[in-house]
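Reader: I should be grateful for a close look at a single part of this model, with the reasoning set out step by step. Please then place that part in the context of the whole chain.

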Amino acid sequence: AEQGELPAESHARWTEVEKQFNELSPVAEKMQRRCDARSELEKLKEELRALLPPCSPEECMKKAQELVDGQVSGFESVQEILSKALDLEATATYGVKMAEKVRELLLRLAKARSCFEALRPQLEPLVRQLDHRAAASEAERHRQRQAEEEAKEREAQEAARKPLEELLSDNQRKMDAQRAMEEAARLKREEELRQEQEKEAARLAVEDALLRMEKESDVKISKLGANAACAEALSSMLAASMGVYRGIIEGLENMVTSIAAEPADVRLRLIRIRNEGFQERLGRQPGVWLFLRALGFQAMSREDLPTDMVAMLNLSSSPPQERFLLLQEPDMMNAYEEWTQWHKRLLTVGHFLQELGKLTFQRIAHLGRRGDDVAASEVLSAKELLSGWENAISS
């Protein structure tokens, strides 16, 4: 720092010390009052001890109170001193030793304050000088900020006066972008509509195919009978490869044996035709539809299903025209003989399908994975299949 100037750091420390002294003043005064009250209280205790029988300083006020309460002779002089002592006791919150320590602390504070005040005449002019410089510096910074703000405002005004052509060009680009977005949205809607139409056409095609299969299967069942229609269906399945054929037989076996094991469970006896899992494994395969119809499954729409069944299976939200295959269970209580024949037929068909699966596996096991690609008709002849079926059904 230059001669006669106060460094900025010293100025900050001076200001902080002055602030702390100002904050400590009321606290120090309060502490001083408590120390003075303790000194005065101790003097009163000594006066009480002089008027009382021998007792310690700690007991003197208690003894004095007992004397006053008992109105022993001469209690008036004791009462006046005791009253002053009791008033001081509420203020004299410091003990004797604590009061001594506080007095030492206050003495040190007073000395420090005295040193501070002694330096004030020399330092205050320097402090004021630094304050003036700080104020001038702040004024300069304010002037610079104001100049910067004015420069920014001029720049903003200049930017606002850009050529009109640029604004029109920007608006044109936005309009072009908006038209492009609208065109893309239109094309997207058209594509979505086309896809919906294709889905609807595919659904209608499936519905037509199902109706044709229902009619064809009804004709064959009416002409051949249920068991012979099952046999023809099993024969037509031989047109598939061995891998597909075995998948059909396994799927039908699982379905029939499950129903036979739990005939009262309607969930096993109801097939959702549009279910992709069913369609992929069984529904689209040759002969399956005829086999299921000949087994007793009836094609029905959702609105034709029993109301309690629809509610139990939570099918209320499906379209009313959605198609299902339902295998009705005869009433075991009122038509026991009919139910017995129905159940026996399921057990027989399930056992036959199980044995058929074992037979086909045995005949291609030596081929490994290549066996799945062999035509089913090369592994099992229709004649052999029909013979096995007739033997199983007639037994």
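Author: A residue is called buried when its relative accessible area is under 20%, exposed when that area is over 50%, and partly exposed in between. E384 has a relative accessible area of 32% and is therefore partly exposed. The model is a predicted one, and the classes used below are computed from its atoms.

The part to examine is the surroundings of E384, a residue of helix α14, which runs over residues 382–394. With neighbours within four places in sequence set aside, E384 is in contact with L359 and R363. A further relation links E384 to a remote stretch of sequence: S235 is 149 residues away along the chain, yet the two C-alpha atoms are 9.8 Å apart.

From here the account may pass to helix α12 and its aromatic side chains. The search of the whole structure returns 3 aromatic pairs. One of them is formed by Y336 and W339, with 6.4 Å between the ring centres and 20° between the planes, and it is classed as stacked. Ring planes under 30 degrees apart count as stacked, so the angle of 20° places this pair in that class. Both residues belong to helix α12 (residues 336–364), and because they are 3 residues apart there, about one helical turn separates them. Their surroundings are not alike in accessibility class: Y336 counts as partly exposed at 49% relative accessibility, whereas W339 is buried, its relative accessible area being 11%.

W339 also pairs with W342; the centres are again 6.4 Å apart, but the planes meet at 45° and the pair is tilted. In helix α12 these two tryptophans are likewise 3 residues apart, which means that about one helical turn lies between them. W342 is buried, as is W339. Taken together, Y336, W339 and W342 make up one aromatic cluster.

Two further residues help to set the scene. N314 sits in the loop that joins α11 (307–312) to β3 (323–327). Its phi is near 55°, which is positive although the residue is not glycine. N314 is counted as exposed because its relative accessibility is 62%. K43, in helix α1 (residues 8–51), is also counted as exposed, because its relative accessibility is 53%. Between the C-alpha atoms of K43 and R345 there are 121 Å, the two residues being 302 positions apart along the chain.

The whole chain can now be described. The protein contains 14 helices and 3 strands. Its radius of gyration is 55 Å, while a compact globule of 395 residues would have a value near 21 Å. The C-alpha trace extends about 135 × 90 × 50 Å along the principal axes. Of the 395 residues, 30% are buried. Among contacts with a separation of 6 or more, 73% join residues 24 or more positions apart.

The surface and the charges complete the description. The accessible surface amounts to about 25900 Å², and carbon and sulfur atoms supply 53% of that area. There are 58 positive and 71 negative side chains, and the centres of the two sets are 2 Å apart.

To return to the part in question, E384 is a partly exposed residue of helix α14, with L359 and R363 among its contacts.

Key: Residues are numbered from 1 along each chain as its sequence is written. This is a predicted model: local features need pLDDT of at least 70, side-chain atom pairs count only at pLDDT 80 or more; totals for chains, interfaces and linings use all residues. Side-chain values use heavy atoms; hydrogens and water are left out. Helices (H or I, at least four residues) and strands (E, at least two) are DSSP runs, numbered from the N terminus. The radius of gyration is taken over C-alpha atoms; the globule rule is 2.2 Å times the number of residues to the power 0.38. Buried means under 20% relative accessible area, exposed over 50%, partly exposed in between (1.4 Å probe, protein chains only). Contact means heavy atoms within 4.5 Å. Accessible areas come from the Shrake-Rupley method with a 1.4 Å probe; for residues, only the protein chains shown count as cover. Lys and Arg count as positive and Asp and Glu as negative; His and the chain ends are not counted. The place of a charge is taken as NZ of Lys, CZ of Arg, CG of Asp or CD of Glu. Rings of Phe, Tyr and Trp (its six-membered ring) pair if their centres lie within 6.5 Å; planes under 30 degrees apart count as stacked, over 60 as edge-to-face and the rest as tilted.
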